Amino acid sequence: MGMKRPLTTSRIAFGNIHRKPFRTWGQILVVAVFAFVLFGGSVLSGSIRSGMESMSKRLGADLMIVPYGYDKQLQSALLRGDPGTFYLDQTLEEKVRAFPGVENVSSQIFIASLQAACCSVPVQLIGFDPATDVVIQPWIAGNLHNALQKDEVIVGHKVTGKVGDSITFFGKPYRIAARLDSTGMGFDTSVFVTHETARQMISRLEIAPLFSVKANHPVVSTMMVNVKPGFDPRRVANDILFRYATAYNLDMVMTKNMFSEIALRLNAFSCVANGMSALLWITALGVMALVFSMIVNERKREFGLLRIFGASRGKIHRILLTESFMISAAGALCGLCLAALVLFPFSTLIGLTLKLPFMMPSPGSIALTGVFCLIAAVGIGPLSCLYSVWRLERHDISFVLKGI
């Protein structure tokens with residue numbers, strides 16, 4: 001004869017939920033949806049916030065000068081790495097550098113490789129001047145141990161290729177000298193070269209005539225401007241525009257304003273995610289409470305028999321609470337696992353779709369978020385069961401045994 005297993009609380013609870021698979025899976029689904037939305041929304045909000053903080057700490061410029069009408073294209077290139085090609089006369093650089101209130105100016109050259117169907121990957125090429133740059137250098141520090149040479153490139157985190165490999169642009173191979181760590185912004189899908197290399201690329205650019213660009217012509221795409229301490233960046237920007245906007249057909253992007261717009265979109269996203277999570281939590285709690293109330297009504301005979309066989313009120317209460325805990329724990333784990341399967345493998349696609357700076361939080365931060373979401377989701381079951389336990393507590397055994 002096999003050993004008889006004792007009827008523990010957990011064994012009885014598991015048998016009860018196992019006998020009603022349809023109802024059980026329905027309850028699990030309710031909790032799983034809540035856990036999925038809560039964890040997914042929290043990680044997405046954290047990723048956008050991490051990307052924005054990372055970008056704001058290292059962007060390193062107060063003002064960005066661009067050709068008139070290309071301000072949105074510059075923001076798209078910086079935030080999402082959307083390839084673009086546009087030019088300014090570089091002679092403006094020295095004039096801006098000598099302008100009152102300006103501390104430093106560093107120019108960049110943007111080239112969209114996908115506009116010439118000859119390249120390995122469609123990325124944003126960015127030419128920079130290592131001697132004056134304060135925007136790209138902070139990301140390169142620690143990754144490039146020697147000065148960037150002619151015909152060498154630095155690739156973003158999401159660009160394929162290892163250090164030492166070759167990558168082709170406009171029919172010419174270039175050696176990958178270094179790779180950037182994840183930045184959470186458009187630099188992840190960009191390739192960086194020196195000004196000299198960028199101008200060589202321009203000479204091969206098929207659409208160069210559209211910009212009246214000739215070989216060795218002194219052009220840049222944008223100028224990153226740092227303002228001296230004590231000067232108002234907005235005032236300096238207005239003065240530069242007043243002096244040179246017409247002559248050079250230029251526009252200005254305020255870094256602070258750009259981050260303010262991102263912050264507003266992030267706050268809106270967080271409010272929607274938090275509101276949806278709260279609504280789902282309340283809905284899940286109400287649905288589960290209703291289901292357990294119906295379960296108690298259906299199982300009055302069962303509880304009566306358990307009392308006859310010597311089960312205390314506390315034992316019955318523990319059975320109900322254990323059932324609710326098992327169901328909500330299963331739903332929470334299912335929801336969190338499904339959210340992880342969607343978020344982590346497709347994080348790059350999600351970041352591109354959101355069109356915002358996007359960088360996954362640290363593993364520790366994600367783990368803490370997961371624990372919080374797990375506790376919130378698991379708590380739905382026992383909390384929803386409290387009303388049913390209270391109802392049972394009010395009725396004596398004679399009421400429970402009616403109809404037996």
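Helix α7 bends by about 45° at F242, where the bend is the angle between axes fitted to the seven residues ending there and the seven starting there. This is a predicted model, in which local features need pLDDT of at least 70 and side-chain atom pairs count only at pLDDT 80 or more, while totals for chains, interfaces and linings use all residues. Numbering starts from 1 along each chain as its sequence is written, and side-chain values use heavy atoms, with hydrogens and water left out.

Helices (H or I, at least four residues) and strands (E, at least two) are DSSP runs, numbered from the N terminus. As for confidence, pLDDT (the predictor's own score per residue, from 0 to 100) looks like this:

| Part | pLDDT |
|---|---|
| Chain | average 78 |
| α14 (397–400), lowest | mean 50 |
| α12 (363–378), highest | mean 90 |

Where pLDDT is low, don't read the predicted coordinates in detail.

Now back to α7 (residues 233–248): it lies across β1, β3, β10 and β11, with contact meaning heavy atoms within 4.5 Å. V236, A237, I240, Y244 and Y248 of α7 are buried, i.e. under 20% relative accessible area with a 1.4 Å probe, protein chains only. Their cover includes β2 (88–89) and α4 (91–97). Right after α7 comes N249, with a positive phi near 50°.

The sheet itself is open, with 9 strands in the order β6-β7-β5-β8-β4-β3-β10-β1-β11 and mixed pairing; two strands pair if DSSP finds at least two bridges between them. Its edge strands are β6 (166–169) and β11 (250–254). Further in, β3 and β4 pair in the antiparallel sense over 5 bridges, and Q108 stands opposite F128 in β4.

Key
Axes fitted to C-alpha atoms, helices over the stretch in contact; angles between N-to-C directions. Buried < 20%, exposed > 50% of the residue type's maximum accessible area, 1.4 Å probe, protein only.
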